[in-house]
Number of protein chains: 2
Amino acid sequence: MKTKKQVIFEEAAKLFQEKGYSAASMRDLADRVNLKASSLYSHIKAKEEILQKICFDNASHFTQGMDTVEKSGQSPEEKVRALLRLHLEIALDDPTSITVFNDEWKHLEEPHLTRFLNLRRDYENRFRTIIQEGIASGVFRSVDPTVALFTLLSSLRWIHYWHRPSRKIDREALLRDVTAILLNGLRSGK
Amino acid sequence: MKTKKQVIFEEAAKLFQEKGYSAASMRDLADRVNLKASSLYSHIKAKEEILQKICFDNASHFTQGMDTVEKSGQSPEEKVRALLRLHLEIALDDPTSITVFNDEWKHLEEPHLTRFLNLRRDYENRFRTIIQEGIASGVFRSVDPTVALFTLLSSLRWIHYWHRPSRKIDREALLRDVTAILLNGLRSGK
């Protein structure tokens, strides 16, 4: 059974996705969860609190995934494959929250904004290091590792917009096709 | 020499990029272009007019590019290469406008929103047909053409965020690396 606070966070994520964070008001949120504004404030101090939770919960999910991948002792290719799976699974399992995480983080206030950008930069640096290892070992083609990094990260960003339960998409087929395109694209030796 | 109206459109695009369309006001815009609000309204009827121009100018640019590619008589592979170049060039040449086009179109009012979505769907369908032709001829790997389409389109969306004149990026190197990853990723025969 969900707590009232959980319901509020979920409805807030949907509201931010639909209207954008700036345009969404605490009053809109109160209406959605059938509370008076005064009652809503007993659960949540401010809109910003919800945005922070969404952004840092997702960031933490990615960081933990990266920790696991780094410790795995796999080849750079298998590490990239595991990270593609991580991104796809987060996007498919929690599309509303990932939309807010991707598009609305810029509305975080300091010091949270700086902390968020540092987490993101750290994640990107660790991903880039894996790509560089693959290039250095000759498994990946000789491309600018930053160009490769952002091409990969960006290429996954449509999934949470596109995927709806009604599409009955086969997760494994999606993962297989996306991974085939991106990993074969990175591989050298053609 | 730019007309006052051109300056207003350019500053509006920057303003929408920085604050988001919803949060940006005509008063903000008036301040940016050193006009009184009443004078601004003699040039521009409403914020919506600016958003429409940005969205439909960009849509028209993509549609014209697709017309040229379709008429070229090239192979599916060369057509995809030309479309990747089209996307990269638009993103590099007009990054502010493309940001608004990508992120703020959802604020268009009807009937413009429907018209915009129809143009986008038409473009996507034509791009998907080229991918399908490549798969049917065995040049591209056997993947879901929609998954391939959105992976390609999405993979280019970081460029306008990332590219700044200060980075002195080599356009041709960027195009070469992105094209190598995506076209080799699509190719079959591995």
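In this predicted model, the rule finds zero salt bridges across the interface of chain A and chain B. Polar contacts are present there: three residue pairs are counted between chain A and chain B, both partners at pLDDT 80 or more. Each chain brings 29 residues to the contact, 29 from chain A and 29 from chain B. About 2,400 Å² is buried between chain A and chain B. Carbon and sulfur atoms give 70% of that area. Three residues stand out on the chain A side. A:Val147, A:Trp158 and A:Ile181 supply 25% of the area that chain A buries against chain B, more than any other three residues.

The side of chain A that touches chain B can also be described by its elements. Two of them, α8 (145-155) and α10 (171-186) of chain A, give two or more residues to this side. Helix α10(A) gives the most, with nine residues. By class, this side of chain A has 14 nonpolar, nine polar and six charged residues. Charged residues are thus part of this side, while the count of salt bridges across the interface is zero.

The two chains are related by symmetry. Chain A is superposed on chain B by a rotation of 180 degrees, with 0.0 Å of shift along the axis and an RMSD of 0.0 Å. This is the relation of a two-fold axis. Of the interface residues of chain A, 100% are also interface residues in chain B, so the copies meet through the same surface.

Chain A itself is built from helices. It has ten helices and zero strands. From the N terminus on, its elements run α-α-α-α-α-α-α-α-α-α. Along the principal axes, the C-alpha atoms of chain A fill a box of roughly 65 × 40 × 30 Å.

Chain A is divided into domain 1 (1-45) and domain 2 (50-186). Their contact takes eleven residues from domain 1 of chain A and ten residues from domain 2 of chain A. The centres of the two domains, taken over C-alpha atoms, are 28 Å apart. Between them, domain 1 and domain 2 of chain A bury about 970 Å², with 79% of it on carbon and sulfur atoms. A:Phe9, A:Gln17 and A:Tyr21 supply 54% of the area that domain 1 of chain A buries against domain 2 of chain A, more than any other three residues.

Across this interface between the domains of chain A, the rule finds zero salt bridges. It finds two residue pairs in polar contact, both at pLDDT 80 or more. On the side of domain 1 of chain A that touches domain 2 of chain A, helix α1 (residues 4-19) of chain A gives the most, with six residues. That side of domain 1 has seven nonpolar, three polar and one charged residues.

Backbone geometry adds some local detail. Most residues other than glycine have a negative phi, and most peptide bonds are trans. A:Glu110 and A:Pro111 are joined by a cis peptide bond, with omega about 5 degrees. A:Pro111 is in the loop between α6 (95-104) and α7 (112-136) of chain A. In chain B, the peptide bond from B:Glu110 to B:Pro111 is cis, with omega near 5 degrees. B:Pro111 is found in the loop between α6 (95-104) and α7 (112-136) of chain B. A:Asn34, a residue other than glycine, has a positive phi near 55 degrees. A:Asn34 lies in the loop between α2 (26-32) and α3 (37-43) of chain A.

Methods
Residues are numbered from 1 along each chain as its sequence is written. Chains are lettered from A and ligands numbered from 1 in the order in which they are written. This is a predicted model: local features need pLDDT of at least 70, side-chain atom pairs count only at pLDDT 80 or more; totals for chains, interfaces and linings use all residues. Side-chain values use heavy atoms; hydrogens and water are left out. Domain bounds come from an automatic or database domain assignment. Contact means heavy atoms within 4.5 Å. Buried area is the accessible area (1.4 Å probe) that two parts lose on being put together, summed over both. A salt bridge is a side-chain nitrogen of Lys or Arg within 4 Å of a carboxyl oxygen of Asp or Glu. A polar contact is a pair of N or O atoms within 3.5 Å; within protein, one must be able to donate a hydrogen and the other to accept it, and residues adjacent in sequence count only if both atoms are side-chain atoms. Helices (H or I, at least four residues) and strands (E, at least two) are DSSP runs, numbered from the N terminus. Ala, Val, Leu, Ile, Met, Phe, Trp, Tyr, Cys and Pro count as nonpolar, Asp, Glu, Lys and Arg as charged, and the others, Gly among them, as polar. Copies are superposed by least squares on the C-alpha atoms of residues with pLDDT of at least 70 in both.
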